[in-house]
Amino acid sequence: MSKIYCAFLDATKAFDRVNYCKLFRLLLRRNLPACYIRVLLNFYINNYVRVSWCGYFSEYFLATNGVKQGGVLSPILFCVYLCELLIGLSKAGIGCYIGSNFVGALAYADDLVLIAPSAAALRKMLSICDDYACEYSMKFNAQKSKCLLVLPRSRRSLPPLLCHCHFRIGGMPMETVTSLLSFEACCK
């Protein structure tokens, strides 16, 4: 087993940033029946909401982007939206593989983990994420995103290599952590 570089990315307000035009184009490309797309389109373009705070309510206003927080379909629709990024990462051919299966990007809803065999490969994958973020109105939060180097057991006593590696997302540096425990502690 060799070392692997991981990046745990935080997408800031990811569900709120979904661009309706792009989402519905993606659904059309997936050959979703038109009647379902029309129902979803009507559901989203006529989405009036109001804010509740300490028992007070705002006036209703039209939400012009984003998928509904807590909605049953929201994680699925967001996965369709994020799929373009996963396809781009897979086509780049630089992440980790198990046999011929690409496992360099694991995602569910707004949680994304990049897994790369080298620092250079991880930097390229982060660049692909930055390009996607620009095109799809997303934003990755460097302050909440973390990098981790996983070493094989035989090399864990070596000085940490990751402290010499610097990674960026959205033009900002990402913190490196030395274990999953330190990663979990900083996220609480």
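Is Arg29 buried or exposed? Arg29 is exposed, because its relative accessible area is 56%. That residue is a good place to enter this predicted model. First, the overall picture.

The chain has 5 helices and 13 strands. It holds 188 residues, and buried residues make up 37% of them. The chain exposes about 11400 Å². Carbon and sulfur atoms supply 59% of that area. Many contacts reach across the sequence. Among contacts between residues at least 6 apart, 69% join residues at least 24 apart.

Now turn to helix H1, which spans residues 20–29. Just at its start, a side-chain oxygen of Asn19 comes to within 2.9 Å of the backbone nitrogen of Cys21. Inside the helix, Tyr20, Leu23, Phe24, Leu26 and Leu27 are buried. They sit on the same side of H1, because they cover an arc of only 155° around the axis. A general rule of helices helps here. An α-helix has 3.6 residues a turn, so residues three or four places apart point the same way.

What covers the buried residues of H1? The cover includes helix H2 (34–45) and helix H3 (74–92). The face turned away from the buried side looks otherwise. There, the exposed residues are Cys21, Arg25, Leu28 and Arg29. After H1 comes Asn31, whose phi is positive, near 60°.

Arg29 brings us to the charged pairs. Side chains of opposite charge can pair when their charged atoms come close. How many salt bridges does a search of the whole structure find? It finds 2. In one of them, Arg29 pairs with Glu84, and the closest N and O atoms are 3.8 Å apart. Arg29 lies in helix H1 and Glu84 in helix H3, so this salt bridge ties together parts that are 55 residues apart in sequence. Glu84 counts as partly exposed, because its relative accessibility is 27%.

The other pair is Glu175 and Lys146, whose side chains meet in a salt bridge at 2.8 Å, N to O. This pair also links distant parts of the chain: Glu175 is in strand S13 and Lys146 in strand S10, 29 residues apart. How exposed are the two partners? Glu175 is partly exposed, because its relative accessible area is 41%. Lys146 is buried, because its relative accessible area is 4%. The side chain of Lys146 has a further partner. It reaches the backbone oxygen of Gln143 at 3.0 Å.

Gln143 has another link, this time to Asn141. The side chain of Asn141 reaches the backbone nitrogen of Gln143 at 2.9 Å. Where is Asn141? It is in the loop between helix H4 (119–135) and strand S10 (146–150). Asn141 counts as buried, because its relative accessible area is 19% and the cut-off for buried is under 20%. Leaving aside residues up to four places away in sequence, Asn141 touches Asp10 and Thr12.

Ser137 also lies in the loop between H4 and S10. Ser137 is not a glycine, yet it has a positive phi of about 60°. Its relative accessible area is 34%, so Ser137 is partly exposed.

Cys54 is another residue of this kind. Its phi is positive, about 50°, although Cys54 is not a glycine. Cys54 lies in the loop between strand S3 (52–53) and strand S4 (56–57). Cys54 is exposed, because its relative accessible area is 61%.

Back toward strand S13, look at Thr178. Thr178 is found in the loop between strand S13 (175–177) and helix H5 (180–187). Is Thr178 buried or exposed? Thr178 is exposed, because its relative accessible area is 67%. Along the chain, Thr178 and Cys147 are 31 residues apart. In space, their C-alpha atoms are separated by 8.6 Å.

One surface feature remains. Which residues make a nonpolar surface patch of about 350 Å²? Tyr48, Tyr60 and Leu62 make it. Tyr48 has its place in strand S2 (residues 48–49). Tyr48 counts as exposed, because its relative accessibility is 51% and the cut-off for exposed is over 50%.

Note on methods
Residues are numbered from 1 along each chain as its sequence is written. This is a predicted model: local features need pLDDT of at least 70, side-chain atom pairs count only at pLDDT 80 or more; totals for chains, interfaces and linings use all residues. Side-chain values use heavy atoms; hydrogens and water are left out. Patches are made of residues with over 30% relative accessible area and no salt bridge: like charges are joined within 9 Å, nonpolar side chains (Val, Leu, Ile, Met, Phe, Trp, Tyr) within 5 Å. Accessible areas come from the Shrake-Rupley method with a 1.4 Å probe; for residues, only the protein chains shown count as cover. A salt bridge is a side-chain nitrogen of Lys or Arg within 4 Å of a carboxyl oxygen of Asp or Glu. Helices (H or I, at least four residues) and strands (E, at least two) are DSSP runs, numbered from the N terminus. Buried means under 20% relative accessible area, exposed over 50%, partly exposed in between (1.4 Å probe, protein chains only). The arc is that of the directions from the helix axis to the C-beta atoms. Contact means heavy atoms within 4.5 Å. A polar contact is a pair of N or O atoms within 3.5 Å; within protein, one must be able to donate a hydrogen and the other to accept it, and residues adjacent in sequence count only if both atoms are side-chain atoms.
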